[in-house]
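Thanks for coming, everyone. I'll take you through one model today, from the overall fold down to single residues. Let me put it on the screen.

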Amino acid sequence: MATASAAVRRDWLVGYTMVAPVVLGSLAFVVLPLGMVVWYSLHEWNVLANTFTFVGAENYQRMAADPGLADALLATLWFSIGLVVVNIALALLLAVLLNQKLPGTTTFRTFFFSPVVVSLVAWTIVWSFLLQADGGINGFLEQVGVQGPNWLRHPTTAMVAVIIVQVFKNVGLNMILFLAALQGVPEELQEAARLDGAGAWRRFRSITLPLISPTILLVSIITIVGSLEVFAQIDVLTGGGPGNSTTVLVYYLYQQAFRFNEFGYASALAVLLFLIVLVLTLLQWQSRKRWVFHEV
């Protein structure tokens with residue numbers, strides 16, 4: 001009995017030892033920072049004046065009446081919708097095309113995936129030169145008789161430009177995920193449907209999409225969360241302008257903290273961002289039961 005008890009304790013010790021790094025890391029780098037942000041959001045913290053005053057829920061009350069926050073949330077909404085729709089649709093289209101057994105597909109896969117491993121800042125700087133009024137894109141358009149706009153200095157085109165830059169940067173990652181899912185679709189099901197007279201679109205809609213729906217859910221969550229955390233592209237390309245047309249929530253948070261030294265209010269905005277990401281992720285996770293294959 002004593003030997004069995006010692007063995008059980010030893011198993012428990014081994015188990016706790018295995019999970020300890022993950023638990024401690026989560027506590028140190030997730031739970032503790034999140035708790036500190038919540039605590040800071042209840043204070044008015046001015047670094048320059050070296051003041052740290054408890055104000056309770058005032059920062060959250062301020063958010064309700066902040067027109068700048070409303071503009072930032074609207075810009076975030078448009079950016080997220082544009083990025084998610086274009087990125088996922090384009091990634092799925094590329095994956096379907098590159099899943100065909102055609103010559104040169106390996107080269108094209110490398111071509112579309114290579115931006116993923118390029119430095120984000122370097123990628124954005126290159127695009128900032130291409131999108132200038134006299135940049136490479138307008139130069140190309142002039143060759144075909146089209147007068148291009150000043151992409152980064154008009155509210156509509158600036159948002160479109162930022163979305164395009166982000167899509168081209170990350171579409172390769174989603175493409176690879178979709179491609180892996182497509183290659184896992186059993187060929188026997190496709191062949192059976194083909195023999196039954198189902199066309200290409202019917203096979204894709206009734207067989208392929210349901211079987212890759214778990215990957216669609218994963219890509220959707222990753223892309224939506226990523227769209228809510230965009231910062232470097234905004235900072236390098238537009239600086240939040242023109243006006244506030246590209247000032248998304250993360251960039252607005254940065255401005256409040258590091259330009260206006262409103263660290264308490266910025267912390268409240270960070271809590272808002274966390275709640276938005278959490279709610280959207282939970283909604284997607286709960287909705288999986290309605291459309292993800294094998295989910296009940």
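**A first walk through the model**

Start at the N terminus and read along the sequence: the pattern is α-β-β-α-α-α-α-α-α-α-α-α-α-α. Keep in mind that this is a predicted model. Counted up, that pattern gives 12 helices and two strands.

Now the overall form. The radius of gyration is 24 Å. The globule rule gives 19 Å for 296 residues, and the chain is well over that, so it is more spread out than a compact globule. Along the principal axes, the C-alpha trace spans about 85 × 75 × 35 Å.

How much of the chain is buried? Of the 296 residues, 36% are. Next, the contacts with a separation of 6 or more. Residues 24 or more positions apart account for 67% of those. The accessible surface is about 17300 Å². Carbon and sulfur atoms own 70% of that surface.

A quick word on charge. There are 15 positive and 15 negative side chains. The centres of the two sets lie 11 Å apart.

**The aromatic rings**

How many aromatic pairs does a search of the whole structure find? It finds 15. Let me pick out one of them: Trp123 with Trp127. The ring centres are 6.1 Å apart, the planes make an angle of 55°, and the pair counts as tilted. Both residues sit in helix H5, which covers residues 120-130. They are four residues apart, about one turn of the helix. A general point helps here. An α-helix has 3.6 residues a turn, so residues three or four places apart point the same way.

Are these two tryptophans buried or exposed? Trp123 has a relative accessible area of 17%, so it is buried. Trp127, at 14%, counts as buried too.

Trp127 also pairs with Phe168. That pair is tilted as well, with 5.9 Å from centre to centre and 35° between the planes. This one links distant parts of the chain. Trp127 is in helix H5, Phe168 is in helix H7 (residues 155-182), and 41 residues separate them. Phe168 is partly exposed, because its relative accessibility is 37%.

Elsewhere, ring pairs build a cluster. Its members are Tyr40, Trp45, Phe52, Phe231, Tyr251, Tyr254, Phe258 and Phe263.

**A covered helix**

Some of those names bring us to helix H11, residues 249-258. This helix is mostly covered, with eight of its 10 residues buried. Which ones? The buried residues are Leu249, Val250, Tyr251, Tyr252, Leu253, Gln255, Gln256 and Ala257. What do they pack against? Four helices: H2 (58-64), H3 (67-98), H10 (232-237) and H12 (263-291).

**The loops on either side**

Look at the backbone around H11. In the loop between H10 and H11 you find Pro242. A cis peptide bond joins Gly241 to Pro242, with omega about -5°. On the other side, the loop between H11 and H12 holds Asn261. Asn261 is not a glycine, yet its phi is positive, about 55°. For background, most residues other than glycine have a negative phi, and most peptide bonds are trans.

**Two residues to find on screen**

First, Leu130. You will find it in helix H5. Its relative accessible area is 29%, so Leu130 is partly exposed. What does Leu130 touch, leaving out residues up to four places away in sequence? Gly135, Gly136 and Ile137. Now compare its position with Leu283. The two are 153 residues apart in sequence, and 38 Å apart in space, C-alpha to C-alpha.

Then Val144. Look in the loop between helix H6 (136-143) and H7. Val144 is exposed, because its relative accessible area is 54%. How far is Val144 from Thr51? In sequence, 93 residues; in space, 60 Å from C-alpha to C-alpha.

**To wrap up**

Three things to take away. The chain is more spread out than a compact globule. Trp127 in helix H5 and Phe168 in helix H7 link distant parts of the chain. And helix H11 is mostly covered. Thanks for listening.

Terms used. Residues numbered from 1 in each chain as written. Predicted model: local features only at pLDDT ≥ 70, side-chain atom pairs only at ≥ 80, totals over all residues. Heavy atoms only, no water. Rg over C-alpha atoms; globule rule 2.2 N^0.38 Å. Buried < 20%, exposed > 50% of the residue type's maximum accessible area, 1.4 Å probe, protein only. Contact = heavy atoms within 4.5 Å. Areas by Shrake-Rupley, 256 points an atom, 1.4 Å probe, with all protein chains shown as cover. Lys, Arg positive; Asp, Glu negative; His and termini not counted. Charge placed at Lys NZ, Arg CZ, Asp CG, Glu CD. Phe/Tyr/Trp six-rings, centres within 6.5 Å; stacked < 30°, edge-to-face > 60°.
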